[in-house]
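Biologist: I have a new model open and would like to learn how to read it. Could you take me through a few features?

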Amino acid sequence: MIKMLETKPTIGISLRIVSASGYNEKRDALSQDWTKFFEKLEVNPLLIPNTLKDISSFLDDMKVQGLILSGGDSINDDIDRDETEEKILNYSIKKKIPLVGVCRGMQAINKFFGGEVETLENSDHVGNTHPVSLNKKFLSLLQTKNLQVNSFHHNIIKQKNLGQNLEAFAIANDNTVEGFYHSELPIVGVMWHPERTQNHENKLLIRNVFFHKN
């Protein structure tokens with residue numbers, strides 16, 4: 001009897017859009033940090049192009065078990081990416097597939113559910129590692145009271161500006177929201193970049209979103 005090989009779960013991830021130097025064209029791109037992180041998470045990455053007309057059929061065919069809205073750039077920088085990530089969110093909700101939003105992705109989730117994003121006039125959240133306060137649920141999960149996270153964003157989300165059914169679980173010292181989850185759907189957003197700090201806590205957090213069974 002031939003033994004069937006076990007396949008790793010497939011996690012789809014959105015891509016930023018960049019200009020190619022010396023070429024009059026746009027290209028989809030993803031930091032190599034992500035593919036290294038996927039390997040540590042023991043999952044297969046599925047890169048989701050920004051030009052697909054039927055994303056639902058594509059994700060169905062690929063049998064994705066989780067989705068990530070990646071970081072980089074801001075909402076409204078490119079309409080193709082904005083529309084693609086909105087379709088990914090709708091697919092996640094319809095199929096009840098877990099989804100994680102990272103930095104820009106977290107902001108996109110907040111906007112999708114009717115929340116607001118503000119832009120800082122200073123650089124307090126750029127290039128700084130800082131602690132966040134966790135609520136009881138995530139304290140139990142991550143087993144640490146002193147979670148340090150990286151920070152590369154000018155845009156912030158205040159608690160008063162959270163979208164419908166989004167609840168904060170990580171708060172920075174300036175009371176801005178660094179992490180939230182949806183109260184009814186398997187959706188989590190973090191303002192930091194777990195792929196850039198591939199430590200135990202970040203691996204545990206991402207794996208829990210995708211593979212935790214209630």
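Biologist: Leaving aside its neighbours within four places in sequence, which residues is Gln107 in contact with?

Modeller: Happy to help, and please keep in mind that this is a predicted model. To read contacts, look past the sequence neighbours and list what comes within 4.5 Å between heavy atoms. For Gln107 that list is Ile75, Val117, Asn155, Ile157 and Met191. The residue itself sits in helix 4, which spans residues 104-112.

Biologist: Is Gln107 buried or exposed?

Modeller: The idea is to compare relative accessible area with a cut-off, and buried means under 20%. Gln107 has 3% relative accessibility, so it counts as buried.

Biologist: Let me try a loop next. Where is His193 found, and what does its side chain make a polar contact with?

Modeller: His193 belongs to the loop that runs between strand 13 (187-190) and helix 6 (200-211). Its side chain makes a polar contact, at 2.8 Å, with the side chain of Glu195. Despite the loop setting, His193 counts as buried because its relative accessibility is 3%. Beyond four places in sequence, His193 touches Gly71, Gly72, Val102, Cys103, Asn150 and Phe152.

Biologist: What about Ser133: which residues does it touch, not counting those up to four places away in sequence?

Modeller: Phe169, Ala170 and Ile171. Ser133 lies in strand 8, residues 130-134. Between Ser133 and Phe169 there are 7.9 Å from C-alpha to C-alpha, though the two are 36 residues apart along the chain. With a relative accessible area of 47%, Ser133 is partly exposed.

Biologist: Now a whole helix. Which residues of helix 1 are buried?

Modeller: For a helix, find the buried residues and then ask how they are arranged around the axis. In helix 1 they are Trp34, Phe37, Phe38 and Leu41. They cover an arc of only 105° around the axis, and therefore lie on the same side of helix 1. Gln32 and Glu39, on the other side, are exposed. The buried residues pack against strand 1 (10-14), strand 4, strand 5, strand 6 (99-102) and helix 6.

Biologist: And how do I read the ends of helix 1?

Modeller: Look at side chains at the start and at phi after the end. At the start of helix 1, a side-chain oxygen of Ser31 comes to within 3.0 Å of the backbone nitrogen of Asp33. Following helix 1, Glu42 has a positive phi, near 60°.

Biologist: At roughly what angle do the axes of helix 1 and helix 6 cross?

Modeller: Roughly 75°, and the axes come within 11 Å. Angles of 65 to 115 degrees count as roughly perpendicular, so that is how helix 1 and helix 6 stand to each other. In this contact, Phe37, Lys40 and Leu41 of helix 1 meet Asn202, Lys203, Ile206 and Arg207 of helix 6. By class, the contact has three nonpolar, one polar and three charged residues.

Biologist: Let me practise on helix 2, residues 55-62. Which residues are its buried ones?

Modeller: Ile55, Phe58 and Leu59. Their arc around the axis is only 95°, which puts them on the same side of helix 2. Among the elements covering them are strand 4 (44-48), strand 5 (66-69) and helix 3 (79-95).

Biologist: What phi does Lys63 take, just after helix 2?

Modeller: A positive one, about 55°.

Key
Residues are numbered from 1 along each chain as its sequence is written. This is a predicted model: local features need pLDDT of at least 70, side-chain atom pairs count only at pLDDT 80 or more; totals for chains, interfaces and linings use all residues. Side-chain values use heavy atoms; hydrogens and water are left out. Helices (H or I, at least four residues) and strands (E, at least two) are DSSP runs, numbered from the N terminus. Buried means under 20% relative accessible area, exposed over 50%, partly exposed in between (1.4 Å probe, protein chains only). A polar contact is a pair of N or O atoms within 3.5 Å; within protein, one must be able to donate a hydrogen and the other to accept it, and residues adjacent in sequence count only if both atoms are side-chain atoms. Axes are lines fitted to C-alpha atoms, for helices over the stretch in contact, and angles run from 0 to 180 degrees between N-to-C directions. Angles under 35 degrees count as roughly parallel, over 145 as roughly antiparallel, 65 to 115 as roughly perpendicular and the rest as oblique. Ala, Val, Leu, Ile, Met, Phe, Trp, Tyr, Cys and Pro count as nonpolar, Asp, Glu, Lys and Arg as charged, and the others, Gly among them, as polar. The arc is that of the directions from the helix axis to the C-beta atoms.
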